Every structure is written in C-alpha cells, then in structure tokens.
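This report considers a single protein structure, with attention to its cysteines and to the packing of its helices. Please keep the sequence and the structure in view while reading.

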Amino acid sequence: MEKWHALLYPASWQKPKRAPSNLQEYISKAILPSMAIASCAPQLPPQGHGAHRNHLTARPEIWRRLEVLHSIVPEYFDNVSKWYVGRYIPSNDLNVPDGDEVRGDQFTLRSEGFDVQERMIGYPGNMDRVVRWVVEFPLLTVERTLHLTFQQTLEWTFDTSMSDLDVDRELFRTVCWTRTQVGETTKDAECALMVFIQPPWIMTPYELKSFSDCPGLRIDTETYKGKERTWSKVWDYCFRKKCHWFIFTTYRGWVFGAFSRGWTRGFATPVFQYNSTSPNILEGLIFWISSAMGLADGWHIPEVSEDCYVSFDYPCTIYDAMGTCEKCNEEDMAFAL
C-alpha cells in the first residue's frame, strides 16, 4: 500500500517522516532558521563595516604564544564533513522518539520531508537570547544525533555554565561539550570541545572574517586589535580547560578551529554562513565534535614544530571579576624549550 501511495501521490502530499526514521537524510537536509534581530538590540553597522563594540578585557601576556594561525581549506572541510555523515550517521529507522526525556536532548531543526516541531525562541535582543538560538537549535539537535549514533557520547552534553563568572559575559559566552564524572563539579569536568558565542551586533560579518583571517597574535605590542582580543579569549579558555578544539559562532556565521599540542599554532576554517549547504552547519558540527572526541576517521590536528610551550596550570583571564590570580604571576610561569 505504501509503495502505491508513493507512486500515485507527489512527494509534497506524502506524510512527513520522523527524524530517527532516516537520520542521515534528516541531517543532510537540515538548515538553520534565519535569526532576525530584535529592535531593542544595538543597531548593526552597514555591510562591510565593524561595530567596534568588541571591548573584551583580554590583553597581551608573555605566556600566551599563539604565533601562527593556519587556514583549513574550506573545500576539504566540506567534502570530509559530508563524507563523515554519509559514512557514520545511520539511514535505517532507529525506532526511537525525537527526544530523550532523561537527557533532555531532542531534534529541534526543520528538515525538508521531516516532521520536527521547531522551537519558538523569539528574536534576540541580548546575549542570553543569542545563546539560546545556538544551543536550542543546532547544538541540541547535534547532541541528540551523536547520542543515537555513537555509544561513547552518551555521557557527554553541552554545558552553558562556563562563563558565569566572566566579566565579559555580556560580550562573550562559552559552551562546553563536556562529561562530568560522579563526584566531579562542572568546573572539573572533562571538556572535549568549546563553543564560543558572540552576538552579531558585537562581532559583525566583517569582524568575523577578520577573526578567521588573523595570522597570529603579536608579542611586541602593549595593546591588541579586536580580532586579537577575541583570539586571546578563545586561547585562554581552551588552555585553561586543556581543550584543543573549538567552534566560534555568532549564529549567523561559524568558524571551526583547533590548537596544536604545544598551543603555539592554531587552525581555523573560513566563515561558514548559518544557511550554508557546503557543508550545512549540522554536518560540520558532527564532524568536528567527533574529531575532537577522537572517534574513527575524524580529523587529526597536524603535528608542527614548536620551539617552546607553556607549562603552568592555566592563565586567569577574568581579571576584573576574579582579581589577581596567584597562579598567573610571572614566577609561576615556566617555559620549556
């Protein structure tokens, strides 16, 4: 009967499928919804201009040695992300619900031919609302996908509490792909990848491209440019959590990146737009998070020649909120050749 129904009626008349009935197809067709900006948000500058509002507190430090930033070829990232989804995301019917009541993950993105209830969040006019767009649309959907696909990800989830004490939290937020063991606090939890979020009225498309094209951090300066302050913030958070993998987003634009073993080299893709199809954002997220966890056939951070590395616990980047950190004085900062 179902075969005759498919022959007699066009696809547009057929009953939509549920996401778990063909997860691979659902992911490949899913596109993030467009995010309009609320009227109460700061006005965006004309296209091709910066907002000059990215006043992060990051400043030059002798222990932050991000010397070179390499570009990841976008065509490679597109091809391998799509290949990875086609190789590992199941296309057979999983016979499971769209959401998990225990873990709280669920499919939240519409996809052509699939019946998924998209969330109503409202236009963002502040940082909290932008974080909700990032977490409740792509990240929740990716979390549900990974949990259904890879058994080793079941204990992992996205945690939004990392930035709670950050003096820059109205400009910059952090979400961790993390696993908390029994008896551990969120602060001590293992973190495989960090998602950094800035609103588009702080990090405009022009400034996001400048961020992704940055060649490295200068060490012979007393002040940073906006893109350098952002890279410093990203580096400091990753180093503090010993997490080499990251994603930077304004929701409207996405950059996928990583740091070398010795922390002196960075790797980053160009900017992918929220409605990209080469790859789509879900395909990129699935591939990058899987790579960060060391799953089969993921990307490996290249081994590079590094003359020096940092060997102290972690830098304190929250100067105003936390005061002077004893671990961050020069006497505790050892450099090894």
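The following paragraphs treat the cysteines, one helix contact, and the surroundings of selected buried residues. The structure is a predicted model.

**Cysteines**

How many disulfides does a search of the whole structure find? The search finds 0 disulfides. A disulfide requires two cysteine sulfur atoms within 2.5 Å, and the table gives the distances for two cysteines.

| Cysteine | Closest cysteine sulfur | Sulfur distance | Relative accessibility |
|---|---|---|---|
| Cys 191 | Cys 176 | 3.7 Å | 7% |
| Cys 243 | Cys 191 | 4.0 Å | 1% |

The sulfur of Cys 191 is too far from that of Cys 176 for a bond, because the distance between them is 3.7 Å. Likewise, Cys 243 forms no bond with Cys 191, because their sulfur atoms are 4.0 Å apart. Cys 191 is buried, and Cys 243 is buried as well.

**Helix 3 and helix 7**

Helix 3 comprises residues 74-88, and helix 7 comprises residues 281-292. The two helices pack with their axes 9 Å apart, at an angle of about 85°. An angle of 65 to 115 degrees counts as roughly perpendicular, and helix 3 and helix 7 are therefore roughly perpendicular to each other. The contact of helix 3 with helix 7 consists of 7 nonpolar, 3 polar and 2 charged residues. On the side of helix 3, the participants include Phe 77, Val 80 and Tyr 84. Helix 7 contributes, among others, Ile 286, Phe 287 and Trp 288.

**Helix 5 and its cover**

Which residues of helix 5 (residues 205-212) are buried? They are Glu 207, Leu 208, Phe 211 and Ser 212. These residues lie on the same side of helix 5, because they cover an arc of only 140° around the axis. The elements that cover the buried residues of helix 5 include helix 6 (226-240), strand 5 (245-249) and strand 6 (253-259).

**Val 234 in helix 6**

Helix 6 contains Val 234. Is Val 234 buried or exposed? Its relative accessibility is 0%, so Val 234 counts as buried. Leaving aside residues up to four places away in sequence, Val 234 touches Phe 172, Phe 196, Phe 211, Phe 246, Phe 248 and Phe 259. One of these contacts, Phe 211, is also one of the buried residues of helix 5. Val 234 and Ile 247 are separated by 13 residues in sequence, and their C-alpha atoms are 9.4 Å apart in space.

Terms used: Residues are numbered from 1 along each chain as its sequence is written. This is a predicted model: local features need pLDDT of at least 70, side-chain atom pairs count only at pLDDT 80 or more; totals for chains, interfaces and linings use all residues. Side-chain values use heavy atoms; hydrogens and water are left out. Buried means under 20% relative accessible area, exposed over 50%, partly exposed in between (1.4 Å probe, protein chains only). Helices (H or I, at least four residues) and strands (E, at least two) are DSSP runs, numbered from the N terminus. The arc is that of the directions from the helix axis to the C-beta atoms. Contact means heavy atoms within 4.5 Å. Axes are lines fitted to C-alpha atoms, for helices over the stretch in contact, and angles run from 0 to 180 degrees between N-to-C directions. Angles under 35 degrees count as roughly parallel, over 145 as roughly antiparallel, 65 to 115 as roughly perpendicular and the rest as oblique. Ala, Val, Leu, Ile, Met, Phe, Trp, Tyr, Cys and Pro count as nonpolar, Asp, Glu, Lys and Arg as charged, and the others, Gly among them, as polar.
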